[in-house]
Amino acid sequence: MNKPSRPFDFDRYEELLRDPENAAIYLAEFLESGDMELFQEALRHVAKAQAGGLAGVAEQAQLNRGSLYKSLSKNGKPQFETLAKILATMGLQFTITPTQRQS
């Protein structure tokens, strides 16, 4: 019999998400899904885990804190430049790779 699942507790795993390598793996999974809403939520989790939280990330990225919250909200539509700045403050960057072709 399957055990009931528990919601993922991000507060307990903030330390893991502070590490750029762990954060990169975490974010890549959501980005590969193609669901930008989920990617934004994941990016928000990683940003919240950083020292200073979202406010600290906003300051380091030279973004307005309110704009950062709005960009990473469920209905946010962040520009590529904003996402790149956010990632850079966390020691991350976008990369482009070829997709796997189905034969």
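These notebook entries record what I looked up in a predicted model.

**Conventions.** I number residues from 1 along each chain as its sequence is written, and I leave out hydrogens and water, using heavy atoms for side-chain values. Local features need pLDDT of at least 70 and side-chain atom pairs count only at pLDDT 80 or more, while totals for chains, interfaces and linings use all residues.

**Core.** I looked up the largest nonpolar core (buried Ala, Val, Leu, Ile, Met, Phe, Trp, Tyr and Cys residues joined through side-chain atoms within 4.5 Å; buried means under 20% relative accessible area, with a 1.4 Å probe and protein chains only). Among its 20 residues, Leu27, Leu43, Val46, Leu68, Ile86 and Met90 touch the most other members. Helices α2, α3, α4 (53–60) and α6 (80–89) each supply at least two residues of this core; helices here are DSSP runs of H or I, at least four residues, numbered from the N terminus. The most comes from α3, with six residues.

**Leu68.** Leaving aside neighbours within four places in sequence, I find Leu68 in contact (heavy atoms within 4.5 Å) with Leu54, Val57, Ala58, Leu63 and Ile86.

**Gln40.** I located Gln40 in helix α3 (residues 36–49). Gln40 is buried, with a relative accessible area of 5%. With neighbours within four places in sequence left aside, its contacts are Ser71, Leu72, Ser73, Gly76 and Pro78.

**Pocket lining.** The largest pocket (an open set of points on a 1 Å grid over the protein atoms alone, where a 1.4 Å probe fits, with protein on both sides within 12 Å along at least five of seven lines; lining residues have an atom within 4 Å of a point) is lined by 15 residues. Ala28, Leu31, Glu32, Phe94 and Thr95 lie nearest its centre. Helix α2 (residues 20–33) gives the most to this lining, with five residues.

Terms used: Buried < 20%, exposed > 50% of the residue type's maximum accessible area, 1.4 Å probe, protein only.
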